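Me: Could you walk me through this model and explain the terms as we go? I would like to see how each label is earned.

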Amino acid sequence: MRNPKAFFRPLALGAPAPVQEIPFRPSRMIHFFDPSNERMAAKVPELVGKVDVLLGNLEDAIQADRKQAARAGLVQIAKNTDFAQTQLWTRINSLDSPWILDDLTTLVPEIGHKLDVVMVPKVEGVEDIHYIDRLLAQLEAKAGLDRPILVHAILETAAGVANVDEIAAASPRMQGISLGPADLAASRRMKTTRVGGGHPDYLVRTDPVDGEIQGTRPTFQQDLWHYTIARMVDACAAAGILPYWGPFGDIADVVACEDQFRNAFLLGCVGAWSLHPAQIAIARKVFSPSAEDVRWARRVIDAMGDGTGAVMIDGKMQDDATVKQCKVVVDLAEALAE
Ligand code: GLV
Ligand code: MG
């Protein structure tokens with residue numbers, strides 16, 4: 001489990017440049033709220049301690065004429081709330097929008113000391129992260145903050161996917177990357193009109209057998225996101241940062257949401273976004289290793305002694321590599337239990 005090492009980039013005029021170890025903090029569900037919506041904002045304090053991350057959304061889903069209200073609402077909520085162990089993140093507007101500069105120049109001086117992570121949408125390459133990194137460094141130094149604000153990129157453009165290795169390693173501030181299936185589908189000119197999940201027409205048909213009538217062979221729906229999740233996970237693992245599934249838009253379909261989250265978990269992701277209270281419990285369940293998996297992993301580790309060689313357990317071969325896999329499960333369970 002990585003402890004991101006983050007620092008203030010030294011500024012010319014003698015701003016402090018402390019090196020800090022940022023401890024691992026759970027982020028199984030990044031729970032989105034609209035800070036311009038008074039009803040939703042009033043519920044934020046009730047969610048402290050019930051979610052790992054509370055994220056005040058300033059970008060898509062907030063109407064253009066509500067951007068300022070959302071920014072101001074987030075400042076008020078942050079000032080009035082004790083977040084205890086729950087992290088406070090924000091999703092700022094994208095670099096090609098007219099709002100991002102006001103987002104950062106408002107939020108960092110006002111509530112920078114409470115802000116753990118800034119999520120940056122539609123990141124296309126390292127230059128986007130370098131811009132945010134420099135701007136944050138200047139604003140943090142000016143505000144006299146004594147800990148760095150970390151950066152999380154959303155992978156949601158074709159260019160971003162092409163450059164994901166460089167993006168993941170672009171700055172010591174990089175905390176993680178989320179896959180944004182809705183914008184990514186549009187950027188790639190896919191033919192879906194939904195947020196995550198599959199498509200009933202993306203199928204593989206079984207091979208014909210002799211005498212079979214065309215069209216009666218079974219078909220299997222395929223996963224639209226497998227390649228991109230795996231691509232993102234590799235980039236994040238190589239850079240030592242954390243990968244996440246993003247949103248799942250069909251709130252009523254809790255079964256498909258759980259499937260989507262579980263696929264991401266099994267491929268290496270540590271969390272997902274929750275857009276509705278119903279998705280909080282799903283994320284908590286999916287992204288916490290089950291007691292049964294942890295028991296099995298401990299059994300393998302114990303049986304393997306110094307972790308080298310091979311043993312048979314219940315008819316299955318275990319060796320140095322399976323011990324490493326089991327340690328991933330146990331380390332995550334222990335980190336979440338702390
Ligand atoms: C999230 O922002 C997405 O576009 O899916
Ligand atoms: Mg998006």
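Me: Which residues does the UniProt annotation "domain: HpcH/HpaI aldolase/citrate lyase" cover?

Reply: Happy to help! According to the unreviewed UniProt entry, that domain covers residues 30-194; such annotations may be inferred rather than shown by experiment, and positions are given in the numbering used here. This is a predicted model, where local features need pLDDT of at least 70 and side-chain atom pairs count only at pLDDT 80 or more, while totals for chains, interfaces and linings use all residues. Residues are numbered from 1 along each chain as its sequence is written, and chains are lettered from A and ligands numbered from 1 in the order in which they are written.

Me: What makes up residues 30-194 in terms of helix and strand?

Reply: Over that stretch the chain is 43% helix and 18% strand. Helices (H or I, at least four residues) and strands (E, at least two) are DSSP runs, numbered from the N terminus.

Me: Why do β13 and β14 count as paired?

Reply: Two strands pair if DSSP finds at least two bridges between them. Four bridges join β13 (residues 310-313) to β14 (residues 316-319), so the two strands pair, and they run antiparallel. One of the partnerships is V311 with Q318 in β14. In this hairpin two residues lie between the strands, and D314 takes a positive phi near 50°.

Me: How do you know that β5 and β6 pair as well?

Reply: By the rule of at least two bridges, they pair because three bridges join β5 (residues 87-91) to β6 (residues 117-120). These strands run parallel, with W89 opposite V117 in β6.

Me: Why are β11 and β12 called edge strands?

Reply: Eight strands form an open sheet in the order β11-β8-β7-β6-β5-β4-β3-β12, with parallel pairing. β11 (242-245) and β12 (272-274) each pair on one side only, so they are the edges.

Me: Which residues are around ligand 1, and what makes a residue near?

Reply: A residue is near a molecule if its C-beta atom, placed from the backbone, lies within 6 Å of it. The residues around ligand 1 are D60, I154, E156, G180, P181, A182, D183, V195, G246 and P247. Helix α7 (residues 181-187) gives the most to this shell, with three residues.

Me: Why does the shell around ligand 1 have two polar residues?

Reply: Ala, Val, Leu, Ile, Met, Phe, Trp, Tyr, Cys and Pro count as nonpolar, Asp, Glu, Lys and Arg as charged, and the others, Gly among them, as polar. G180 and G246 are in the shell, so as Gly they count as polar. The shell also has five nonpolar and three charged residues.
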